[in-house]
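Reader: Could you take me through the salt bridges here, one pair at a time, and say where the partners sit? I'd like a close look at that one part.

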Amino acid sequence: MVDQLSTLIGVVVGAVMSYAVGALHERSRWRREQGARWDGLLLQAYSDYGQAIKDCVVLYQRLPAHRGLTEDPTPVATTGDALAEAAKAELRRAAMTEPLRLLADPDTAAPLA
């Protein structure tokens with residue numbers, strides 16, 4: 001009877017240990033996958049925001065170049081369409097700050113506010 005009890009205890013302990021190791025392994029794998037997913041989203045948010053900034057800078061350099069205030073190889077006249085395009089670029093840039101505020105750490109997101 002004692003042999004059977006020690007064998008039964010060994011099987012139960014082995015099953016519990018096997019379950020615990022498997023659960024810990026699954027948990028760490030899930031965390032790794034979530035981290036990689038968030039890193040990809042953050043990279044995309046930085047990329048989108050950088051492109052929006054670049055679009056604004058290009059437009060902002062082209063507008064005063066028409067009046068000779070700055071130098072740009074492709075000046076744009078200050079018309080309603082050009083100003084609307086600049087406003088649209090600024091709205092896009094402002095919209096791109098939201099994903100960064102959500103995904104980036106607080107120290108990085110603070111200047112965007």
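Author: Here is a walk through the charged pairs, then a look at the helix that holds some of them. A bit of housekeeping: this is a predicted model, so local features need pLDDT of at least 70 and side-chain atom pairs count only at pLDDT 80 or more, while totals for chains, interfaces and linings use all residues. Residues are numbered from 1 along each chain as its sequence is written, and side-chain values use heavy atoms, with hydrogens and water left out.

Searching the whole structure turns up five salt bridges (a side-chain nitrogen of Lys or Arg within 4 Å of a carboxyl oxygen of Asp or Glu). The general idea is simple: side chains of opposite charge can pair when their charged atoms come close.

Let's start with Arg 29. Glu 26 pairs with Arg 29, and their closest N and O atoms are 2.5 Å apart. Glu 33 also bridges to Arg 29, here with 2.7 Å between the closest N and O atoms. Put together, Glu 26, Arg 29 and Glu 33 form a linked network of salt bridges.

Where do these residues sit? Glu 26 and Arg 29 are both in helix H1, residues 2–65, three residues apart, or about one turn. (Helices are DSSP runs of H or I, at least four residues, numbered from the N terminus.) Glu 33 and Arg 29 are four residues apart in H1, so about one helical turn separates them too. An α-helix has 3.6 residues a turn, so residues three or four places apart point the same way.

As for exposure, Glu 26 is partly exposed at 40% relative accessible area, where buried means under 20%, exposed over 50% and partly exposed in between, with a 1.4 Å probe and protein chains only. Arg 29 comes in as partly exposed at 32%, and Glu 33 is partly exposed at 39%.

Over in helix H2, residues 80–103, Arg 101 and Glu 98 are three residues apart, about one helical turn. Their side chains meet in a salt bridge at 2.9 Å, N to O. Arg 101 is partly exposed at 34%, and so is Glu 98, at 38%.

Back to H1 itself: its 64 residues should span 94 Å at 1.5 Å a residue, and the end C-alpha atoms are indeed 94 Å apart (the expected span is 1.5 Å times one less than the number of residues). H1 has buried residues as well, among them Tyr 49, Cys 56 and Leu 59. H2 is part of what covers the buried residues of H1.

Note on methods
Helices (H or I, at least four residues) and strands (E, at least two) are DSSP runs, numbered from the N terminus. Contact means heavy atoms within 4.5 Å.
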